[in-house]
Amino acid sequence: SSIGDAGVTTVMDAVRGGGAPMLEWLTLASNGITDASALAIADAMRAGATPHLESLSLEVNDIGTDGAVAIADAVRSGSTPRLAKLFIGCNKVGEPGALAFAAALRSGSVPRLQAFDIELN
């Protein structure tokens, strides 16, 4: 079973509220999450709640273009300067999502990024 959007949204509300100020790894792979969860994650990132985040794993879900663009925009905002691993493969990000991630990478906001997986989208 998976935690789904309701579970992720609840967890991200706690993170955004300061519940995990030293969070380094966030792994939500294979949880059946959609754009709703991606938007909640992006909101927490943009709010400055994840400054220590080093790894974000969202692969094998149902995240579409809107969610992918939101995550990419949050990355581009510079709120996760320690991000080294970003996995969003096996979703439905489409070309607009890929272009948003390309813009985030070009921005220089993730200088420590070592691994980026966007396969099978």
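This is a short tour of two stops in a predicted model, one at Ala44 and one at helix 4.

**Stop one: Ala44**

Start by selecting residues 35–46, which make up helix 2, and pick out Ala44 within that helix. Switch on a surface if you like: Ala44 is buried, and its relative accessible area is 0%. Now show what surrounds Ala44. Once you set aside the neighbours within four places in sequence, its contacts are Met12, Arg16, Ala49 and Thr50. Keep Met12 selected and draw a C-alpha to C-alpha distance to Ala44: you should read 6.5 Å, although 32 residues separate the pair in sequence.

**Stop two: helix 4**

Next, select residues 94–106, the 13 residues of helix 4. From the first C-alpha to the last, helix 4 reaches 19 Å, close to the 18 Å expected at 1.5 Å a residue.

Then look down the axis and colour by burial. Which residues of helix 4 are buried? They are Gly97, Ala100, Phe101 and Ala104. These four cover an arc of only 95° around the axis, so they sit on the same side of helix 4. Turn to the other side of helix 4 and you meet Glu95, Leu99 and Arg106, which are exposed.

What do the buried residues of helix 4 pack against? Add three elements to your selection to see: helix 3 (65–76), strand 3 (85–87) and strand 4 (115–117).

Finally, step past the end of helix 4 to Gly108, which follows the helix. Check its backbone torsions there: the phi of Gly108 is positive, near 80°.

Definitions and conventions:
Residues are numbered from 1 along each chain as its sequence is written. This is a predicted model: local features need pLDDT of at least 70, side-chain atom pairs count only at pLDDT 80 or more; totals for chains, interfaces and linings use all residues. Side-chain values use heavy atoms; hydrogens and water are left out. Helices (H or I, at least four residues) and strands (E, at least two) are DSSP runs, numbered from the N terminus. Buried means under 20% relative accessible area, exposed over 50%, partly exposed in between (1.4 Å probe, protein chains only). Contact means heavy atoms within 4.5 Å. The expected span of a helix is 1.5 Å times one less than its number of residues. The arc is that of the directions from the helix axis to the C-beta atoms.
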